[in-house]
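I opened this notebook to keep track of what I looked up, entry by entry. The sequence and structure come first, and my notes follow.

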Number of protein chains: 2
Amino acid sequence: MPCNGTPSTRRYDWDALDETARAALLARPAQVVAQRTREAVAALLADVQARGDEALRDITARFDGVDLAGFEVGADEFAAAHAAVPAALREAMEQAAARIEAFHRAGMVQPYALETAPGVVCERVIRPISRVGLYVPAGSAPLPSTALMLGVPARLAGCREVVLCTPPRRDGSADPAVLVAAQLTGATRVFKLGGAQAIAAMAYGTGSVPKCDKLFGPGNGYVTEAKQQVAQGGVAAIDMPAGPSEVLVIADAGADAEFVAADLLSQAEHGPDSQVLLLSDDDALIGRVQAEIDAQLAKLSRADIARRALSASRLVRVPSLREAFAISNRYAPEHLILALRDPRAWLDSVEAAGSVFLGDYTPEALGDYCSGTNHVLPTSGAARAYSGVSVASFQNFVSVQSASRAGIAAIGGCALTLARAEGLDAHANAVSLRMGREAA
Amino acid sequence: MPCNGTPSTRRYDWDALDETARAALLARPAQVVAQRTREAVAALLADVQARGDEALRDITARFDGVDLAGFEVGADEFAAAHAAVPAALREAMEQAAARIEAFHRAGMVQPYALETAPGVVCERVIRPISRVGLYVPAGSAPLPSTALMLGVPARLAGCREVVLCTPPRRDGSADPAVLVAAQLTGATRVFKLGGAQAIAAMAYGTGSVPKCDKLFGPGNGYVTEAKQQVAQGGVAAIDMPAGPSEVLVIADAGADAEFVAADLLSQAEHGPDSQVLLLSDDDALIGRVQAEIDAQLAKLSRADIARRALSASRLVRVPSLREAFAISNRYAPEHLILALRDPRAWLDSVEAAGSVFLGDYTPEALGDYCSGTNHVLPTSGAARAYSGVSVASFQNFVSVQSASRAGIAAIGGCALTLARAEGLDAHANAVSLRMGREAA
């Protein structure tokens, strides 16, 4: 039950808001990167590019407080990690990896070939991205689950080199669970590097860290800014832009307030900037959820973090579930929980979201860990035009075409007409030369 | 035959180069965007964001030299365009569109569902990106083919709103062939806007131009910079980073020098910064190609442009075809032509390329126009980690999970163990509450 005092969440009535207030309600906190941050990251990137491992050593000493002679995790440290990780945790990671693998494997895009005209065969062939770099944060907590979410699809794609960076601890070691997760997925090389310096190392390559073609994974503001800068500069591709994590729950009158509150709190505990929204057509449910949040909050180890996130949370009464979906599509949440009596019937109404959780017994935590779906998902409305990580994120799709003499006879005329319309003579010439030869 | 005088191309021997020279040979011209360009584009974006259509009118008057009361192409102008386009060109566009549609449709990613544990179903559902913006340049030549390459997959994806911008001509009209191509693909709204201002209009939305979630298409340096800036700022997603177009040809002793020369020239005529490379293990072939280039060059309407591109071209003798593929994979060309006796046998050796052309009778021009593959492809080495435009470029892939009570009983323990290992109590609570309820 709620304590006497102000509730940690705020309630709104959608119908009572004008368009400005509605826009404000759905606005994410501005992701304005301070000029100082941008410049600090740019300087760090330039330093790593110029001085390589020496720069990494200096930066790691400064930010992680540890002097490392080398960054790569060796056989001894892996063995120690395996010894340190409890059997139950190891087994949970293995089970999670197996389900992640099953789901991701079943969704792999297939090559195909098609004769588009007599003598003209067009194909899609698939190649793994050769060298990928995975970043596994360990800020407020190490995240072995993220190592699984990135490492499993990288292995399925067949990437030749899978580099994984995770921050060193004060004693110079890496988190054992992250190391075990990395080995479970078959990451080829693991380095104890954190923050923007890890991104710099994988983007530019250094004496010890291989240069990677594409970088993946969540991280703090510096990591995100570093990823953006290397992507912008064409140094390495990145998986997606990243912002604070977020959940939107659509609940009807029959939803279980205890469950809904627990789901909102599990988003809130991620960080003080986590985004938490509840939309419901039932006032009483909203009231019960609000009370439940305060009741559950008191017992959480990360209550302080959650309370800060909840101060910006929004519990919104909406006139109808239909309106709730319109609002959700406008917001495009990373996680969308449908705490509805017939959630599947509403699935078609979802236009944009990272990952959707159907019904009362599918908490977001299942998707975070072990249902099989990926938890690296688009945030901050990016779900309007980006998708979560999949095997395809680690692959290149290469088109191939092959025309026989009959093929160019069949479609050469079409190409000629278009080339001439665009004023591209040499294009036309490359076609007509072959057509002429064919007749010869 | 070559004129007496300096050939327009340059020859190299890979084996005679040291690593520095090899790196220089494969380096693209630095895509350094001048600070002035960056600032000009940023100012233009801010102006369009602030003043909307009024800013568009001012900028269009300044850069396109035409005062437009409105930007949207109406029924009358479409009718005039249809009347102006010759039947043969219209038919060629229809044929090309049909093959592009057939190839792209066959490659569409499918939804799927999988039970990953008893009572746990994970799915991928597919949603069109709601509002997409296509940019069709008309700088040195209008490109109706680009309207087809972007519009056809957008229609297959089912995008609700397909906005297309193309620059106005001096008389205030748009290129008729581009308009016909736009209508062929079912673009919903067409605007006469060019350059960075078109990107700004589609990214921010104005009174007349709808705000789009993702922007597609090639363009000049200003267009590219504008796309990068709106993507970086999280305003709109973009298809891929863009640079000058490029081709790499791998030719053996049996290749036809006339064809190879024609293909190199059709790349060179795109623009003075086009990249042209030939790798061959046969010196005689290289000599014949060099002579042929000069012979054909003289007859081209865009010979000046081609000559400037060729001045930076590289005809490279390599010790073996195997080495040629190693070099090609390192370079990761946008277009890769295999002028080989058994090209298919070599296809497995291709690790990174945008689009591949097999054998003597498959000039790049076929893929540019009408084989069925897409011609919007990654340049500047981006093919290491980006793919060409496909239907998937216009879609979001949303993961969905649904657990029954049995489902959470089956995998809840796994999630609990991982949540506790990561110190995320509320995550654990969201799971254990449901598991407890199930037992009640």
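**Notebook entries**

I began with B:Pro210, which counts as buried at a relative accessible area of 14% (buried means under 20% relative accessible area, exposed over 50%, partly exposed in between, with a 1.4 Å probe and protein chains only). I noted that this is a predicted model, in which local features need pLDDT of at least 70, side-chain atom pairs count only at pLDDT 80 or more, and totals for chains, interfaces and linings use all residues. Residues are numbered from 1 along each chain as its sequence is written, chains are lettered from A and ligands numbered from 1 in the order in which they are written, and side-chain values use heavy atoms, with hydrogens and water left out.

I placed B:Pro210 in the loop of chain B between α8 (195-204) and β7 (214-216), where helices (H or I, at least four residues) and strands (E, at least two) are DSSP runs numbered from the N terminus. Beyond its neighbours within four places in sequence, B:Pro210 has contacts that include B:Glu161, B:Arg189 and B:Phe191, contact meaning heavy atoms within 4.5 Å.

I turned next to A:Ser130, which sits in the loop between β3 (120-128) and β4 (131-135) of chain A and is buried at 15% relative accessibility. Among the residues that A:Ser130 touches are A:Asp213 and, from chain B, B:Glu351.

Last, I compared the chains: a turn of 180° and a shift of 0.0 Å along the axis lay chain A on chain B with an RMSD of 0.0 Å, so the two copies are related as by a two-fold rotation axis. The superposition is by least squares on the C-alpha atoms of residues with pLDDT of at least 70 in both.
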